[in-house]
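Here is a short report on a few local sites in one protein chain. Have the sequence and the 3D view open as you read.

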Amino acid sequence: MSGLGKLYGVGVGPGAPDLLTLRAVRVLQEADVLALPRSSDFGASMAYRILEPVVGKQRDKERLLLTFPMSKDPDRVRPYVDAAVETIGDRLSRGLTVAFATEGDPSLFSTFVYVRREALRRFPGLEVEVVPGVTSVTAVPAVSGLALADGQERIAILPATYGVDDLTDVLQRFDTVVLMKIGSEMPKVTEALTRAGLLDRAVFVSKATMPEQRIVRDLRAAQGERGDCFAMVVVTRGERSGLLVGEAPASPPGGFDKAVTEPEAP
């Protein structure tokens, strides 16, 4: 199919606008259309909240608000993906460039994965470019002073919203475990960490790098927490460094003066 516009998947980072990459800013500024995901028909787009202070409102640029419900049911999500691709495809068919903005990175637990797959199926020859973004997987260690891996350590990344039934086994096999999208799973997470003897090796972080950032280093104080898709728990065993013996103290987080940090329990 000739005359198609180009589709971009643009990662806008974990929340702080100044963590957008230079390439992301350029693509978002130059695209004809911004595709902006949101979780409900009446909600705002978090991706747009992140990018707007840097890119500007650009009143002459079309902004498509596309709804993708927070659901694990494929039958519920599929119609929304189809509708989004239909809307985006209309613009691509007119030769317009569309930048689909997504929190974090477009390739990691992002709705863009589904949109890209369906768009390529419907529009043979469509050019798609992914602009990677800073992910919460790296933002959370940055604000909490954690180190994800050193030497021979292994990392597992899991979406907690899909259940933590196998978490005990994962905790035994990996040195660092990143639980994304905590949702309502905190009681099960703390239970599994307690059984594994790792509750004191875990940190809860919500909305890393955003003004509402919250860090809880004693998960006993967060057992009743109902997180959201921006809440994470990172568990670090720190037992298998391949370079240096012993543990270095965690660095204090810096660079985000508006962060709110919960004090450690006495």
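Just after helix 5, glycine 145 has a positive phi of about 80°. Keep in mind that this is a predicted model.

**Helix 5 and its surroundings**

Helix 5 covers residues 136-144. At its start, a side-chain oxygen of threonine 135 comes to within 3.2 Å of the backbone nitrogen of valine 137. Valine 137 is itself one of the buried residues of helix 5. The others are Ala139, Val140, Pro141, Val143 and Ser144. What covers these buried residues? The cover includes strand 6 (155-159), strand 7 (176-180) and strand 8 (202-206). Strand 9 and strand 10 are also part of that cover.

**Aspartate 218**

Strand 9 spans 214-216 and strand 10 spans 231-236. Aspartate 218 sits in the loop between them. Is aspartate 218 buried or exposed? Its relative accessible area is 14%. The cut-off for buried is under 20%, so aspartate 218 counts as buried. Leucine 199 is 19 residues away from aspartate 218 along the chain, yet their C-alpha atoms are separated by 8.0 Å.

**Serine 45**

Serine 45 is also in a loop, the one between strand 2 (33-38) and helix 2 (46-55). Serine 45 is buried, with a relative accessible area of 6%. Its side chain takes part in two backbone contacts, one with proline 37 and one with tyrosine 48. The table puts them side by side with the contact at the start of helix 5.

| Side chain | Backbone atom | Distance |
|---|---|---|
| Serine 45 | Oxygen of proline 37 | 2.9 Å |
| Serine 45 | Nitrogen of tyrosine 48 | 3.2 Å |
| Threonine 135 | Nitrogen of valine 137 | within 3.2 Å |

Leaving aside residues up to four places away in sequence, serine 45 touches Leu36, Pro37, Arg38 and Leu65.

**Helix 1 against helix 2**

Helix 2 follows the loop that holds serine 45. Helix 2 also packs with helix 1, residues 22-30. Two packed helices are described by the angle between their axes and the distance between the axes. Here the axes come within 11 Å and cross at roughly 85°. Helix 1 and helix 2 are therefore roughly perpendicular to each other.

Which residues meet? Helix 1 brings Val25, Leu28 and Gln29. Helix 2 brings Leu51, Val54 and Val55. By class, this contact has 5 nonpolar residues, 1 polar residue and no charged residues.

Key. Residues are numbered from 1 along each chain as its sequence is written. This is a predicted model: local features need pLDDT of at least 70, side-chain atom pairs count only at pLDDT 80 or more; totals for chains, interfaces and linings use all residues. Side-chain values use heavy atoms; hydrogens and water are left out. Helices (H or I, at least four residues) and strands (E, at least two) are DSSP runs, numbered from the N terminus. Buried means under 20% relative accessible area, exposed over 50%, partly exposed in between (1.4 Å probe, protein chains only). A polar contact is a pair of N or O atoms within 3.5 Å; within protein, one must be able to donate a hydrogen and the other to accept it, and residues adjacent in sequence count only if both atoms are side-chain atoms. Contact means heavy atoms within 4.5 Å. Axes are lines fitted to C-alpha atoms, for helices over the stretch in contact, and angles run from 0 to 180 degrees between N-to-C directions. Angles under 35 degrees count as roughly parallel, over 145 as roughly antiparallel, 65 to 115 as roughly perpendicular and the rest as oblique. Ala, Val, Leu, Ile, Met, Phe, Trp, Tyr, Cys and Pro count as nonpolar, Asp, Glu, Lys and Arg as charged, and the others, Gly among them, as polar.
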